[in-house]
Structures are given as structure tokens and as C-alpha cells.
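Here are my notes for you, point by point. Keep the structure open while you read.

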Amino acid sequence: MAQGKSKTKAQLPANVKAKKKFSTKSKVISRARSNAPVAPKLTGKAVDAMKMKKAISKGVSEAMENELRAKAFDGKKSLLSKKEMADKAEASK
């Protein structure tokens with residue numbers, strides 16, 4: 001440890017200091033991979049088509065699941081969700 005009046009911070013050389021100052025202030029946010037493809041922005045028609053496709057596939061999956069459950073639990077007690085139990089309770093009233 002230095003003692004006395006000669007305590008000063010070490011200064012960077014001028015060329016290194018300028019490079020460091022430039023690189024920190026004007027740094028552009030970079031992506032994970034510079035050559036990664038950028039997805040195009042979706043238009044209204046594309047968004048609508050995607051929503052429609054998702055809704056159809058969700059409905060088909062739900063119908064298939066209900067059909068498979070009915071076949072699997074034929075004559076047996078099945079585990080119902082809260083919504084289905086509430087629907088059955090209302091139907092029985």
C-alpha cells in the first residue's frame with residue numbers, strides 16, 4: 001500500500017480510454033445469434049387464421065379426450081373436474 005501524498009488512481013492510456021467510452025455508450029443490443037432469422041410480422045389475416053386453427057385443434061382435442069374418457073371409464077366412476085361436477089349438480093336440481 002502506498003503511503004503519503006502519492007496516492008492517485010491509475011489512468012488508462014488515451015487510446016484505450018476513447019475505445020472504452022465509445023463502446024459502452026453506443027452499444028447496440030445484440031441478439032443471441034447474429035445470423036438467426038427474424039420472424040416476419042403477422043398481418044391481420046394471418047393472426048385470424050392462426051386463432052381459428054388453434055380453436056379448431058383445441059375443440060377436436062377436447063372432443064377426442066371426452067370420447068376416450070367415456071370408453072375408458074364405461075360403467076366406472078370417473079374423476080371429474082370441478083366444472084363438470086358443478087354442471088352435474090345443476091342438472092340434477
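1. Let's start with the salt bridges: the count comes to 2. Bear in mind as you look at them that this is a predicted model.

2. One of the salt bridges is formed by E65 and R69, whose closest N and O atoms sit 3.0 Å apart. That fits the rule, because a side-chain nitrogen of Lys or Arg has to be within 4 Å of a carboxyl oxygen of Asp or Glu. Now find the pair on helix α2: E65 and R69 are 4 residues apart there, so about one helical turn separates them. E65 is partly exposed, with a relative accessible area of 40%, and R69 also counts as partly exposed, at 40%.

3. The side chains of E67 and K71 meet in a salt bridge too, at 3.6 Å from N to O. These two are again 4 residues apart in helix α2, with about one helical turn between them. Is each partner exposed or partly exposed? E67 is partly exposed, at 46% relative accessible area, while K71 counts as exposed, at 61%.

4. Next, look for a nonpolar patch on the surface: M52, I56, V60 and M64 form it, and together they have about 400 Å² of accessible area. M52 lies in helix α2, which covers residues 44-72. With a relative accessible area of 51%, M52 is exposed.

5. Finally, how confident is the predictor? The protein chain averages a pLDDT of 76, and 67% of the residues score at least 70. Among the elements of the chain, α2 has the highest mean pLDDT, 91, and helix α1 (residues 14-25) the lowest, 63.

Technical notes. Residues are numbered from 1 along each chain as its sequence is written. This is a predicted model: local features need pLDDT of at least 70, side-chain atom pairs count only at pLDDT 80 or more; totals for chains, interfaces and linings use all residues. Side-chain values use heavy atoms; hydrogens and water are left out. Patches are made of residues with over 30% relative accessible area and no salt bridge: like charges are joined within 9 Å, nonpolar side chains (Val, Leu, Ile, Met, Phe, Trp, Tyr) within 5 Å. Accessible areas come from the Shrake-Rupley method with a 1.4 Å probe; for residues, only the protein chains shown count as cover. Buried means under 20% relative accessible area, exposed over 50%, partly exposed in between (1.4 Å probe, protein chains only). pLDDT is the predictor's confidence in each residue, from 0 to 100.
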